[in-house]
Amino acid sequence: MKFKLVIILILWSFVNQLQAQTDVFTVVLDRGHSEVDKGVTAGNTTEYDLLKSVVAQIAGDVKTNVKVVYYNESGAFLSIDDRAKAINDLNPDLVISFHMGAGKLPRQGTIYFNSKNPKYTASEKYAQELIQYLTKDAYYATILTETAGFKLLEKVNAPAIMLEIGNMNAVRDVYYLQTNGAERLQSNFTAFLNSLN
Ligand SMILES: [Zn+2]
């Protein structure tokens, strides 16, 4: 009788483990640009350098069933095709590509989708959820949504969005993200990640 119980317990923990593995929600955080193509330059800062520090710490403590993969941490130059292929190989549930806009208007983020993304509807749904979390910080008074033809969003198989967390030519945005803004962004972004699973 005892023996049977042990077997049942072993089986139960095995099933539980399997379930935990399949329940993992994988998010790829793709920081835009590279050491070669640094994106928008404003003053003595480039989009790449700003994103490098902000995106590296944008995910705080996430639940064990949410897996965050920072894509291309080294900043190597990759073509869009190579980037998309490497991201698809990770088989993620969601891809978020980070950029800064070039505009001068402060306190404005933008989320882009591409209607050719195979999971376009889901991409829109995640974007709306993300907006609810990001706008908890009063600094982000406006987060626009736009459809655009960004190739990376088209070539990845998972739901994918591009998030511009501010404008490079808005001095206030750059300052905010280099000071206490990054921490607030982290807190709200982490809450969003933890809502995914
Ligand atoms: Zn960019």
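This text walks through the fold from the whole chain down to one helix pair.

The model is predicted. Its chain holds seven helices and eight strands. The C-alpha trace spans about 75 × 35 × 30 Å along its principal axes. Of the 197 residues, 31% count as buried. Contacts reach far along the sequence: among those between residues at least 6 apart, 83% join residues at least 24 apart.

Now the interior. The largest nonpolar core has 39 residues. Seven names stand out for having the most contacts inside this core: V54, V95, I96, I111, V156, I161 and M162. Take I111 as an example. Leaving out residues up to four places away in sequence, I111 touches A127, L130, I131, I143, T145, I161, M162 and L163. Two of these partners, I161 and M162, are also on the list of residues with the most contacts in the core.

L130 leads on to a helix pair. This residue of α4 takes part in the contact with α7, and it is also touched by I111. Helix α4 covers residues 120–134, and helix α7 covers residues 181–195. Their axes lie 8 Å apart, and the packing angle is about 140°. Angles over 145 degrees would count as roughly antiparallel, so α4 and α7 are oblique to each other. Their crossing is right-handed.

Which residues make the contact? From α4 come E129, L130, Y133 and L134. From α7 come N188, F189, A191, F192 and S195. By class, the contact residues divide into six nonpolar, two polar and one charged.

Notes. Residues numbered from 1 in each chain as written. Predicted model: local features only at pLDDT ≥ 70, side-chain atom pairs only at ≥ 80, totals over all residues. Axes fitted to C-alpha atoms, helices over the stretch in contact; angles between N-to-C directions. Helix = DSSP H or I, 4+ residues; strand = E, 2+ residues; numbered from the N terminus. Parallel < 35°, antiparallel > 145°, perpendicular 65-115°, else oblique. Left-handed = near helix turned anticlockwise from the far one by under 90°. Contact = placed C-beta atoms within 7 Å. Nonpolar A, V, L, I, M, F, W, Y, C, P; charged D, E, K, R; others polar. Core = buried A, V, L, I, M, F, W, Y, C linked by C-beta atoms within 7 Å. Buried ≥ 20, exposed ≤ 12 C-beta atoms within 10 Å, placed from the backbone.
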